[in-house]
Amino acid sequence: MITSGIASRLAVVFGLGALATAGAGCGSPEDGAAPAADGAAAVADATGDLSFSVDGGKVDTAIGDTKADGTKPADTSTEPAVTENFWVLYNRVSAFSDQASKNDYILSGWKNAAAGIGSGPSIFGPGVHPEDPTKAAIFLTKVAFIKTNLSCQYGCFMSPDLKWMAVAKGAADGKGHYTYGLGAVSPDLVAVGVDKDNGLKDIKHLAFAGKYLFYSQKATCLGTGSCQYDIHRRGPLGEATLTDDVLTRMAPDNDPDVLESDTTYNGYFRVSADGSTVVFQTPTIRSQKVYVWHAGNVAKLDYICPNWDGAKCVGTGSQYNDNDPVAVSMDGKRVVTFSIVDRWLRARRYDVGTENPSTFSNLLEVPAGKKYTKQAGGAPCSVVGPEGHTQVRYHPEFSKDGKRVWFVGASNCAGANDKLWTDVMSIEVDRIGSELASGDLINWTHNPRDNSAKNKVIQGFSMSPERQVILLAASSTISGSGQLLPDTDMKAKNDTEMYTLVAGGTKMVPITNENGWLTQAPTATLPLSP
């Protein structure tokens with residue numbers, strides 16, 4: 001058995017060695033070579049998060065001290081140094097239902113000593129000023145809208161350089177479409193022009209990347225209740241002349257899923273940090289297609305289907321979602337997705353703009369004849385091992401060098417009123433496509449799997465611009481006086497705080513600490529420049 005300190009920080013592979021298989025997209029069962037061996041439906045939870053776990057919980061952690069390629073996993077006993085500077089942006093929402101309309105947009109520094117020890121003025125509860133830790137965090141909603149009557153009640157989005165803001169002008173329609181205002185942000189953080197008509201109507205999803213705003217706008221709605229969306233790119237932001245280009249329509253007009261009114265695509269996408277690549281997942285009740293826009297062209301990367309009748313994908317009951325977990329490398333050249341196919345959870349790797357076929361590794365295989373929902377979803381989670389989880393939550397992120405993907409693992413393995421189990425995990429991208437060994441998946445946080453205050457339930461995830469620091473929204477653990485909360489304290493169950501975790505480290509460090517508030521949608525920005 002492993003006895004070193006490293007052992008406690010190694011994750012077991014999410015499937016026995018004999019079951020953790022690998023393959024390439026071409027010729028794999030879901031790509032048409034043959035129907036899958038079992039008819040169990042692929043599933044996800046209500047949020048579209050995907051599931052993974054250890055088969056039967058029988059993997060011996062003793063095999064975790066050496067990876068399949070003969071190398072040792074990284075020693076995580078020391079916290080890596082952070083050399084980048086960035087600011088933290090998050091939503092602050094009242095934890096009380098009768099005050100749910102209170103929604104602040106907060107800019108904070110990524111360190112706040114007062115949050116962890118309960119010292120200093122209470123004004124430091126929401127964080128500290130990103131440039132002066134002796135001052136309170138910036139309530140952006142109180143600064144940005146001094147020239148308008150808008151707020152962030154229905155949603156705000158900020159560009160990574162803090163120079164542009166999109167603001168939802170009211171509640172969504174019945175299909176979740178919003179009207180947005182888009183405006184520039186002055187050096188003193190005042191939003192200009194967000195109250196004007198910018199043509200951003202019937203918008204389902206938007207994201208800033210590079211020098212552009214990307215958004216999906218309703219085009220035609222189908223019999224499924226879903227719609228086709230025109231995918232726009234507006235920019236370059238900040239230049240004298242802006243263009244608004246339609247990159248593609250998704251799902252495409254000539255896709256059989258559209259022609260047969262079968263698609264359940266709902267307008268979501270993922271875009272690389274440099275804006276060079278946009279990834280789309282277009283689901284049906286039986287399949288999932290993966291498309292990419294890159295270098296001005298649209299290509300289909302994958303067609304995931306567990307059951308084939310000749311050349312036709314058949315079946316029902318899948319729970320594929322267009323917002324399923326996707327990571328896109330910062331340069332847009334690599335993509336990793338997590339999806340459930342029949343009895344397997346698979347991590348897939350795509351090399352964009354090349355002829356390389358997609359490759360995958362099985363993270364979980366439940367026994368033949370068993371349904372994933374029975375084996376890996378909900379209590380008692382019979383297949384969960386000591387380091388495994390049953391879901392992937394939120395969108396993963398690549399490291400800056402493109403060699404590793406970071407993500408949140410979660411398990412709903414206790415009672416309905418009990419805390420989730422969550423951890424920050426990672427996998428080396430080049431291992432996807434190989435048979436995985438126990439050292440290939442690393443659990444960095446090892447949160448307790450109980451209802452204690454020490455169990456920090458992760459509810460939001462992102463990374464800093466240089467990918468050196470992970471930002472997490474998670475349940476509260478420390479009182480206002482700096483003491484560990486009693487396990488029965490409502491703050492530990494109901495409130496959330498912002499935390500940082502150095503990539504490659506193990507300590508979740510709080511940067512907020514206040515009663516009665518939720519922290520949501522953490523993101524990182526570059527420091528404000530003139």
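**Exercise 1. Work out how strand 2 and strand 3 go together, then place them in their sheet.**

Strand 2 (residues 87-94) and strand 3 (residues 103-108) pair in the antiparallel sense, and six bridges hold the match. The ground rules here: strands are DSSP runs of E with at least two residues, helices are runs of H or I with at least four residues, and both are numbered from the N terminus. Two strands pair if DSSP finds at least two bridges between them.

A word on the source before going on: this is a predicted model, in which local features need pLDDT of at least 70 and side-chain atom pairs count only at pLDDT 80 or more, while totals for chains, interfaces and linings use all residues. Residues are numbered from 1 along each chain as its sequence is written, and side-chain values use heavy atoms, with hydrogens and water left out.

Step 1: pick out a bridge. Valine 88 has serine 108 of strand 3 as its bridge partner.

Step 2: read the strand order. The sheet is open, has four strands in the order 4-3-2-31, and pairs them antiparallel.

Step 3: find the edges. Strand 4 (138-139) and strand 31 (517-525) each have a single partner strand, so one side of each has no neighbour in the sheet.

**Exercise 2. Find the charges that sit over rings.**

Step 1: set the test. A charge sits over a ring if NZ of Lys or CZ of Arg is within 6 Å of the ring centre and within 35 degrees of the ring normal.

Step 2: try arginine 92. Its charged end sits over the ring of tryptophan 517, 3.5 Å from the centre.

Step 3: try lysine 142. Here the ring is that of phenylalanine 139, and lysine 142 lies over its face at 4.6 Å from the ring centre.

**Exercise 3. Sort out some of the aromatic pairs and say how their rings meet.**

Step 1: define a pair. Rings of Phe, Tyr and Trp (its six-membered ring) pair if their centres lie within 6.5 Å; planes under 30 degrees apart are stacked, over 60 edge-to-face, and the rest tilted.

Step 2: get the total. There are nine aromatic pairs in the structure.

Step 3: look at tyrosine 303 and tryptophan 308. Their centres are 5.3 Å apart with 75 degrees between the planes, an edge-to-face pair. For exposure, buried means under 20% relative accessible area, exposed over 50%, and partly exposed in between (1.4 Å probe, protein chains only). Tyrosine 303, at 22%, counts as partly exposed, whereas tryptophan 308, at 13%, counts as buried.

Step 4: move on to tryptophan 406 and tryptophan 444. This pair is tilted, at 5.4 Å centre to centre and 40 degrees between the planes. Tryptophan 406 belongs to strand 24 (residues 404-411) and tryptophan 444 to the loop between strand 26 (441-443) and strand 27 (458-463), so the pair ties together parts that are 38 residues apart in sequence. Tryptophan 406 and tryptophan 444 are both buried.

Step 5: check for a cluster. Phe157, Tyr178 and Tyr180 make up one.

**Exercise 4. Track down the disulfides and give each one its hand.**

Step 1: count them. With a disulfide taken as a pair of cysteine sulfur atoms within 2.5 Å, a search of the whole structure turns up three.

Step 2: take cysteine 152 and cysteine 156. Their sulfur atoms are 1.9 Å apart, and the link is left-handed, with -100 degrees about the S-S bond. Both cysteine 152 and cysteine 156 are buried.

Step 3: take cysteine 221 and cysteine 227, with sulfur atoms 2.0 Å apart. The torsion about their S-S bond is about 80 degrees, so this disulfide is right-handed. Cysteine 221 is partly exposed at 35% relative accessible area, but cysteine 227 is buried at 1%.

Step 4: finish with cysteine 305 and cysteine 313, joined at 2.0 Å from S to S. A torsion of about 95 degrees makes their disulfide right-handed. Both cysteine 305 and cysteine 313 are buried.

**Exercise 5. Locate valine 298 and relate it to leucine 247.**

Step 1: place the residue. Valine 298 is in strand 16 (residues 297-304).

Step 2: check exposure. Valine 298 has a relative accessible area of 35%, which makes it partly exposed.

Step 3: set sequence against space. Valine 298 and leucine 247 are 51 residues apart in sequence, with 8.5 Å from C-alpha to C-alpha.
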